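User: I would like to understand how the terms in a structural description are justified. Please explain each one against its definition.

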Amino acid sequence: MASSEHAELFLHPDRNLAMELVRATEAAAIRAVPFIGRGDKNAADKAAVDAMRKFLGTVNFDGVVVIGEGEKDEAPMLYNGEHVGNGRGPACDIAVDPIDGTSLTAAGRQNAISMIAVSDRGSMLDASSVFYMDKIVAGPEAVGVVDIRKPIGENLRALAKAKGKPVDEMQIAVLDRPRHAQLIDDIRAAGAGTRLMLDGDVAGGINAARTGTRIDMCVGIGGSPEGVASACAIKALGGLIQGRLVPLTDEERQKGLDAGLRFDHVYEANDLVSSDNTYFVATGVTDGGLVDGVRRQGPVIRTESIVLRGRSGTVRRVIAEHVAEKWLGDFEFGSVNG
């Protein structure tokens, strides 16, 4: 291979990167375990952040955090603009959430995950100035059929027809928030059922785009950073993701305009992440529909992760067993999922 070809390969994330990133999400998930059900989401988040950042420092890449812990978490680490990795590998954009579902973790509820999304440098939309986005996510059957600008009932009927199933068998994931009261009523009025989520619409969106799950669509207003991270996963699944930014104040709207964001625009997958060379990695913290949570099995800690690669359209599951005594440190590793 010519040296220029070697250089080109070195500039972009390759398939080995995903397995290195899994180590970081596994570490974050494992370190969060002692805080499951303890009511302190900040302590859980801090433990996960510390672990993820430590492991990311060993990864062979030059990552810039485009979507990090952000101002909402007053994060001193993994903040937007921070460089991570050892700096010797490909240049990447990175989205991190050491725990997507800190409240779920603190309450001991299901569907908390630790996740990282990666794409080529300069390809992720920086939507951090506007926190909320109205999103719709579904599988490949929805492409060219579903449109966020249409009423939800019309989209449900169109998707049901494309999937060849009755509307009354459709299950729609929605965050259980007061702002979604009318949306939930409209979904049920159309004849479909709802799966109300307490938190974690990244996992909900991925399950909506995967085949063989009980979720047909994920809709509603959630975090715009989560929308960008989800797009990295949806590219691997061939599904549909659309979003419209929802500023809560005039000041936030102006910040978005100053950052070059558009409020009269439906953001598609390629708007959210322009590269097809994407990776999405998630490890379960607590049990959920996407992955199982961390659990102690005698001298072993077991983790389950999912790895999605956009370029190849590959979905892999990684089951790992870790020697518990190497992770115990200064705290007691408690019972996780029974």
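Analyst: This is a predicted model, in which local features need pLDDT of at least 70, side-chain atom pairs count only at pLDDT 80 or more, and totals for chains, interfaces and linings use all residues. Residues are numbered from 1 along each chain as its sequence is written, and side-chain values use heavy atoms, with hydrogens and water left out.

User: What makes S6 and S7 a pair, and in which sense do they pair?

Analyst: Strands are DSSP runs of E with at least two residues, and helices are runs of H or I with at least four, numbered from the N terminus. Two strands pair if DSSP finds at least two bridges between them. S6 and S7 have five bridges and run in the parallel sense, so they satisfy the rule. Within this pair, Gln-171 stands opposite Gly-193 in S7.

User: Why are S7 and S9 called edge strands?

Analyst: Five strands form an open sheet with mixed pairing, in the order S7-S6-S8-S5-S9. Strand S7 (193–197) and strand S9 (240–245) each have a single partner strand, so one side of each lacks a neighbour in the sheet. The partnership of S5 (residues 132–138) with S9 is antiparallel, over six bridges; there, Lys-135 has Gly-243 of S9 as its bridge partner.

User: How do you know that helix H8 packs on the sheet, and which strands does it touch?

Analyst: Contact means heavy atoms within 4.5 Å. Helix H8 (residues 224–237) touches S5, S8 and S9. Its direction makes about 160 degrees with that of S9, where axes are lines fitted to C-alpha atoms, for helices over the stretch in contact, and angles run from 0 to 180 degrees between N-to-C directions.

User: What makes S6 a mostly covered strand?

Analyst: Buried means under 20% relative accessible area, exposed over 50%, and partly exposed in between (1.4 Å probe, protein chains only). Five of the five residues of S6 are buried. Gln-171, Ala-173 and Leu-175 are on one side, with Ile-172 and Val-174 on the other, so both faces meet the term.

User: How is the lining of the largest cavity divided by class?

Analyst: On a 1 Å grid over the protein atoms alone, a cavity is a set of points where a 1.4 Å probe fits but cannot get out, and lining residues have an atom within 4 Å of a point. The lining has 15 residues: eight nonpolar, five polar and two charged. Ala, Val, Leu, Ile, Met, Phe, Trp, Tyr, Cys and Pro count as nonpolar, Asp, Glu, Lys and Arg as charged, and the others, Gly among them, as polar. S8 gives the largest share, five residues.

Note on methods: On a 1 Å grid over the protein atoms alone, a cavity is a set of points where a 1.4 Å probe fits but cannot get out, and a pocket is an open set with protein on both sides within 12 Å along at least five of seven lines; lining residues have an atom within 4 Å of a point.
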